[in-house]
Amino acid sequence: MNLKNLVSSLALLSSAVALPLPALAHHSFAMFDNSRSITLHGKVSKYQWTNPHAYLEVDADQPGGGTKHYTLEMTSINMMSRGGWTSRTVKTGDEVTVVVAPLRDGQPGGLVLELTLPDGRKMLPGVPNAQNYKRTS
């Protein structure tokens, strides 16, 4: 093996070792409280059909009036596609109802467990181990 091949092989090996670390660190739903759920009703302000996760932003109606902005995470677009989702399933301005596993830190956000569209269809985003998330709302 000449020096050029050795350097190329070492560069490839170091890349192979370094790449999986961010991927392993990313995939966790530990920040979501799986012991309870909240149900939000409001208007979609943004729907991001992106990897590694899709996002939904909702201005949710609050008891007593007004709205509160929630940023909601979903699963990968690959998993959502298997459940019938597309980049056009939700549109800005849609009135939706969303069942969410809330963030543990109390911030207005969470993991989407179920979405009801304006036409009444219920969509599941394909949350891994969804049976482990309690529905309390």
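This is a short walk through one protein chain, from its overall make-up to a few individual residues.

Please keep in mind throughout that we are looking at a predicted model. The protein chain has three helices and six strands, and read from the N terminus the order of these elements is α-α-β-β-β-α-β-β-β. Of the 137 residues in the protein chain, 34% are buried, and the accessible surface amounts to about 8300 Å², with 57% of that area belonging to carbon and sulfur atoms. If we take the contacts with a separation of 6 or more, 56% of them come from residues 24 or more positions apart.

Let me begin with Thr75, which sits in the loop between strand E3, residues 67-73, and helix H3, residues 77-82. Thr75 has a relative accessibility of 1% and therefore counts as buried. Its side chain reaches the backbone oxygen of Pro125 at 2.4 Å, and, once neighbours within four places in sequence are left aside, the residues in contact with Thr75 include Phe29, Pro52, His53, Met80 and Pro125.

Two of those partners deserve a word of their own, and I will take Pro52 before Phe29. Pro52 belongs to the loop between strand E1, residues 38-48, and strand E2, residues 55-61, and the peptide bond that joins Asn51 to Pro52 is cis, with omega at about 5°. A second backbone feature is found at Asn129, in the segment after strand E6, residues 122-123, where phi is near 55°, a positive value in a residue other than glycine. As background for both, most residues other than glycine have a negative phi, and most peptide bonds are trans.

Phe29 brings us to the aromatic residues, where the count comes to two aromatic pairs. In one, the ring centres of Phe29 and Phe32 are 6.0 Å apart and the planes stand at 35°, so this pair is classed as tilted; both Phe29 and Phe32 are buried. In the other, Tyr47 and Trp49 have ring centres 6.2 Å apart with planes at 50°, so that pair is tilted as well. Tyr47 is buried, with a relative accessible area of 14%, whereas Trp49, at 24%, is partly exposed.

Phe29 and Phe32 also lead us to Gly110, a residue of strand E5, which covers residues 109-116. Gly110 is buried, with a relative accessible area of 2%, and although Gly110 and Phe29 are 81 residues apart along the chain, their C-alpha atoms are separated by 9.7 Å. Not counting residues up to four places away in sequence, Gly110 touches Phe32, and its other contacts include Thr71, Leu72, Glu73, Val100 and Ala101.

I would like to finish with Asp94, in the loop between H3 and strand E4, residues 95-102. Which side chain of opposite charge is nearest to Asp94? The answer is Lys91, 4.0 Å away, and Asp94, although buried, has no salt bridge. There is, however, a backbone partner to mention, as a polar atom of the Asp94 side chain lies 2.9 Å from the backbone nitrogen of Lys91. Setting aside residues up to four places away in sequence, Asp94 touches Gly42, Lys43, Val44, Thr89 and Pro118.

Note on methods:
Residues are numbered from 1 along each chain as its sequence is written. This is a predicted model: local features need pLDDT of at least 70, side-chain atom pairs count only at pLDDT 80 or more; totals for chains, interfaces and linings use all residues. Side-chain values use heavy atoms; hydrogens and water are left out. Helices (H or I, at least four residues) and strands (E, at least two) are DSSP runs, numbered from the N terminus. Buried means under 20% relative accessible area, exposed over 50%, partly exposed in between (1.4 Å probe, protein chains only). A polar contact is a pair of N or O atoms within 3.5 Å; within protein, one must be able to donate a hydrogen and the other to accept it, and residues adjacent in sequence count only if both atoms are side-chain atoms. Contact means heavy atoms within 4.5 Å. Rings of Phe, Tyr and Trp (its six-membered ring) pair if their centres lie within 6.5 Å; planes under 30 degrees apart count as stacked, over 60 as edge-to-face and the rest as tilted. Lys and Arg count as positive and Asp and Glu as negative; His and the chain ends are not counted. Accessible areas come from the Shrake-Rupley method with a 1.4 Å probe; for residues, only the protein chains shown count as cover.
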